[in-house]
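Subject: Structure handover

Dear colleague,

I am passing on the structure we spoke about, together with some notes on what was found in it. Please have the sequence and the 3D view open while you read, since the notes follow the chain from part to part.

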Amino acid sequence: MTGLTINRRAIMLAAAAAGGIGLAGSLGRHAAAQGMTPSAGNAGHYRFRVGEITATVLSDGVIGGPPRVYAIDAAEAELGAVLRNAFLPTDHMTLNLNTLLLETGGRRVLLEAGAGQSMGPNGGRFFASLAAIGLTPNDIDAIVVSHTHPDHVGNLRAADGGRAFPRAAVFVPRADWDFFVRGEPDLSYMPVPAEFRRSFAAAIKRSVEPVAGDVQLYEAGQEIVPGLTTIAASGHTPGMVTFLVHSGSDQLLLTADLAYQPVINIDRNWRPGPDRDRDAALEARRRIFDRAAADRLLVLGFHYPFPGLGRILRTDTGYAWVPAHWQF
Ligand SMILES: [Zn+2]
């Protein structure tokens, strides 16, 4: 118990020292990001097909924080060694924001809205990624989020406080809406400083406020549009789902936040600190990873290195992440 206490304290100090995974006062700044020219850096989009469905990963940039936050039960020395062996920094973990646009049946459906700058200055690239494929927010018909953490709903709010996607119907899991939006959630389970928790909770309410009047609340298991099914995966949050996109014999599984980074949460089975119910999250992770491995499914991880596509292999000791080859 003492070890755990020290670890938690160390994490909180580290997060505070790093200036946090900085949330404060950062919403509604994506106007600046919208001004980014698509040519300013590498492409933030990646297109592929799932049967008849055109799918495009649209990057919203990155967020991140102390690695320990995303591998709460790892021994310190082991975590450091695993990160070094993966040629990753040991003092900061970068998490991508891989939203996915589906074009199917004449509709454009976005899976996850992205963070905007609700969790730091390196998110909010979504609108530039969208412009790079010739579309505007007005072209989006529906947005489906897996859960309501700020990095999945941040872009719903425009800089002026209105709807960033004027025409889009927004679908949110009911259990998350009840917990995070209608309720005053106790986030003491999150291994981050209290100020971060307050900003995190406030960022959720601010982000969804413009769509609250006509949000469509769904139950896990529901099919949202033909070819897009939700799969119950609660644990990380009360309502989190994963998505199955299917067309003909092609399938794509989106793992939402079952894992943050394959190196620590798939190749190793360390648990993400932000999981609210750790046992339920572990059950969901095993159930869905087992299915992905057994059916050899193409998998997209919202936070995995861009574009986040690969497959999950069952090994003697657990799982292994195998990135998909780039398709031109
Ligand atoms: Zn997330």
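Before the hairpin below makes sense, one term is needed: two strands are said to pair if DSSP finds at least two bridges between them. Please also keep in mind throughout that this is a predicted model.

As an overview, the protein has 328 residues, of which 56% are buried, and its secondary structure comes to 9 helices and 14 strands. Of the contacts with a separation of 6 or more, 70% are between residues 24 or more positions apart.

The hairpin is a convenient place to start. It is formed by β1 and β2, with 2 residues between them, and G51, which sits in the turn, has a positive phi of about 60°. The two strands run antiparallel and are joined by 6 bridges; R47, for example, has T56 in β2 as its bridge partner. Strand β2, which covers residues 53-65, also pairs with strand β3 (residues 93-104), again in the antiparallel sense, and here over 10 bridges, with L100 in β3 as the bridge partner of V57. How far is β2 enclosed by the rest of the structure? Because 12 of its 13 residues are buried, strand β2 is largely enclosed.

Further along the chain there is helix α6 (residues 174-182), in which D176, W177, F179, F180 and V181 are buried. The buried residues of α6 pack against β6 (169-173), α7 (194-208) and β7 (216-218).

The next item is an open sheet of 7 strands, whose order is β8-β9-β10-β11-β12-β13-β14 and whose pairing is mixed. At its edges are β8 (223-225) and β14, each of which pairs on one side only. Direction ignored, neighbouring strands of this sheet are turned by 35° against each other on average. Within the sheet, β13 and β14 pair in the antiparallel sense over 5 bridges, and L313 stands opposite A320 in β14. Helix α9 (residues 278-294) packs on this sheet, where it touches β9 (228-232), β10 (241-247), β11 (250-254), β12 (298-300), β13 and β14, and the direction of α9 makes about 100° with that of β13.

One residue of helix α9 that you may wish to look up is R286. Is R286 buried or partly exposed? Its relative accessibility is 46%, so R286 counts as partly exposed. The C-alpha atom of R286 is separated by 9.9 Å from that of N269, and these two residues are 17 residues apart along the chain.

Finally, there is the largest pocket, which has a volume of about 310 Å³. Its lining consists of 20 residues, and those that lie nearest the centre of the pocket are G308, L309, P323, A324 and H325. Which elements give two or more residues to the lining of this pocket? They are β1 (45-50), α8 (262-265), β13 (309-314) and β14 (319-323), so you will meet here again the strand β1 that forms the hairpin with β2, as well as the antiparallel pair β13 and β14. By residue type, the lining divides into 14 nonpolar, 4 polar and 2 charged residues.

With best regards

Key
Residues numbered from 1 in each chain as written. Predicted model: local features only at pLDDT ≥ 70, side-chain atom pairs only at ≥ 80, totals over all residues. Heavy atoms only, no water. 1 Å grid on protein atoms, 1.4 Å probe; cavity = no way out; pocket = protein on both sides within 12 Å on 5 of 7 lines; lining within 4 Å. Points joined across faces, edges and corners; volume = space filled by probe spheres on them. Helix = DSSP H or I, 4+ residues; strand = E, 2+ residues; numbered from the N terminus. Nonpolar A, V, L, I, M, F, W, Y, C, P; charged D, E, K, R; others polar. Axes fitted to C-alpha atoms, helices over the stretch in contact; angles between N-to-C directions. Contact = heavy atoms within 4.5 Å. Buried < 20%, exposed > 50% of the residue type's maximum accessible area, 1.4 Å probe, protein only.
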